[in-house]
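Thanks for coming. I will go through one structure today, starting with the chain as a whole and ending with one pair of helices.

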Amino acid sequence: MEQFDYLIVGGGLAAASAVDGVRSIDADGTIALLTEEEEPPYHRPPLSKEYLQTPGATRDLLYVKPEGWFEDEARVELLTGRRVVSLDPREMTVATGTDETYRAERILLAMGGRPRTLLIPGNDLDGVYTFRTVEDAERIREIAPKAETVVLVGAGFIGMELAASLTQYDVRSVVVEAEDRVWSRMLPPVLSYFVQGYFEERGVRFELGTRLEELAGEERVELVRLANGTEMPCDFAVFGVGIRPNEEIAGEAGLAVMDGVVVDRFGETSHGHIYATGDLARFPDPVFGDTVRTEHWDHARTHGKLVGRNMAGAREAYEHISYLYSDVFDLGFSVLGRPAQADDVRVVGELTADRSLILCGEHERLCGIVLINAADALESCRELLGRKPTLAEAVGELEEREGELEKVVG
Ligand SMILES: Cc1cc2nc3c(=O)[nH]c(=O)nc-3n(C[C@H](O)[C@H](O)[C@H](O)COP(=O)(O)OP(=O)(O)OC[C@H]3O[C@@H](n4cnc5c(N)ncnc54)[C@H](O)[C@@H]3O)c2cc1C
C-alpha cells in the first residue's frame, strides 16, 4: 500500500487547483492525484467553444498546467487511468478498480459529475452522445463537417454552446427543450427571449415546451420524434441535460451526501480529514445562506485552491462569490447570483449585444446580475452582490456609474 500526506481523487480543474492550494502552504508534503482519465487536468469550457470550433486545435491548449508541472514543479505523483471505486474513512484509504490501495492523512474528493441522459427509446444508438470530455469534443469535431442536422437535447449550457459553435460547420442545429424558454435555469425570461432571438437570427431552430420521445434508426440515429408530433431527420444527437455528481463512493463510505457531497465553509465533509470540492461539493452559499452545488469554472478554481490550503492546515472559510460565464456567438455572458428567480429586472440603457448590465431582484432584494459583453464590470458587480443590497439600492449605485436603468418585463 502506498502512503501519502495528501490524496486527491479526480483530475479536473478543482483537483489541479487543490494542488496549488496545498503547495502554497506545505512545500514538502507528499501528494498523489488519482484520475480515471488518461489526460492530466484540463479546462472543459473551451471544449464546447474554441476547441470545437477549431479543427486541428491540439490538446496542449487545454491543459491547466504546463507539461511536466505536476511531476517536476509540484512534485505530485500524477496517477492517470486510475478509477477509484471505494473509500474507507476509518483507515483513510481508497482502492482503485485494479485493486491498488492508497492511504493518506488527508483525502480530497474532486470527482466532478457525469452527464445525464434520457431514458427513451434509441438513447443507445450510434450517433447519440453526451459531451463532457476532450474525446467527446474531438468526436463531434470530426463528424460535424459531414452532418446536415444535429439535434441538441436541452437548452442549457451544453445545448446552447454547441448550437452556437456548430454553426461554424454549416450544420443545422435544432435545440429541443422541455421548458418553454432557453437557459431557464440561468436567466430571467426577458433575457431568455433575447438570447433565443439572437440564435434564431443565426440559423438555430428551437423546439420549446416539448420533449424528445424517441431516437430512431437501424444502428445509427436517423430520425427523432418529439412529443408535439414533430419528426425530423438527425445525423447525430447530443444530450445536454445536466450532470449527476459522482457522489456514490462518498455515500457508500457513510459521508453526508445530498445531490453532492456535503461540505462546510472550509470544504470539510462530515469526516474531518476528508474534503470535497468543485462540481461534486454541496457547500454553504455565502450570499443566499442555503447550501448549493455549482458547476462553474470559477468555483472549481477558487474553491479547489482554498480547500487545498485548508487540507494543509489553513482554516479559511469560503466567502467567494463565484460567477459562471458563457460565450455564444459574440455574446460573452458573466452571471452572478441567481438571476433566474427574479421578479423584477432592470437593464442599463437598452438590452443589446454591445454591452449590457442587467440587475435582477427578488422580493425587492438584489438576487443576481447578468453582464453581456461587460466583463470589465465583473469585480464591482461581485462586490455589490456580496453586500446583499435591496434592488433599489443596487439600482441607485449602478445608475451613478453607468446611467439610467430601465425596468423591463417579460
Ligand atoms: C463542455 C463544458 C463546457 C463548460 N463551459 C463552462 C463555461 O463556459 N463557464 C463555466 O463557468 N463553466 C463551464 N463548464 C463547467 C466547468 O468546466 C466545471 O465546473 C469544472 O470543470 C468542474 O471541475 P471539477 O474538477 O470539479 O470536475 P471535473 O472537471 O468533472 O473533473 C473531475 C475528474 O474526476 C475524474 N473522476 C471521476 N470519478 C472518478 C473516480 N472514481 N476515480 C478517479 N477519477 C474520477 C473525472 O474523470 C474527471 O477527470 C463547462 C463544462 C463542460 C463539460
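Helices and strands here are DSSP runs, at least four residues for a helix and at least two for a strand, numbered from the N terminus. Counted that way, the chain has 10 helices and 26 strands. Its radius of gyration is 22 Å, close to the 22 Å that the globule rule gives for 410 residues, so the chain is as compact as a globular protein of that length. Please keep in mind that this is a predicted model.

Along the principal axes, the C-alpha atoms fill a box of roughly 60 × 60 × 35 Å. Of the 410 residues, 44% are buried. If we take the contacts with a separation of 6 or more, 64% of them join residues 24 or more positions apart.

Now the interior. The largest nonpolar core has 121 residues, and the members that touch the most others are Ile8, Val9, Leu109 and Ala237. What is Ile8 in contact with, leaving aside its neighbours within four places in sequence? The list is Ala15, Ala18, Val19, Ile31, Leu33, Leu108 and Ala110.

Next, the helix pair. Helix H1 covers residues 13-23 and helix H8 covers residues 297-311. Their axes are 6 Å apart, at an angle of about 40 degrees, and the crossing is right-handed. On the H1 side the contact includes Ala15, Ala18 and Val19, which were also among the contacts of Ile8. On the H8 side, the residues include Trp297, Ala300, Leu306 and Met311. By class, the contact has 11 nonpolar, 5 polar and 4 charged residues.

That is the end of my part.

Notes: Residues are numbered from 1 along each chain as its sequence is written. This is a predicted model: local features need pLDDT of at least 70, side-chain atom pairs count only at pLDDT 80 or more; totals for chains, interfaces and linings use all residues. A nonpolar core is a set of buried Ala, Val, Leu, Ile, Met, Phe, Trp, Tyr and Cys residues joined through C-beta atoms within 7 Å. A residue is buried if 20 or more other C-beta atoms lie within 10 Å of its own, exposed if 12 or fewer, and partly exposed in between; C-beta atoms are placed from the backbone. Two residues are in contact if their C-beta atoms, placed from the backbone, lie within 7 Å. Axes are lines fitted to C-alpha atoms, for helices over the stretch in contact, and angles run from 0 to 180 degrees between N-to-C directions. A crossing is left-handed if the near helix is turned anticlockwise from the far one by less than a right angle, and right-handed if clockwise. Ala, Val, Leu, Ile, Met, Phe, Trp, Tyr, Cys and Pro count as nonpolar, Asp, Glu, Lys and Arg as charged, and the others, Gly among them, as polar. The radius of gyration is taken over C-alpha atoms; the globule rule is 2.2 Å times the number of residues to the power 0.38.
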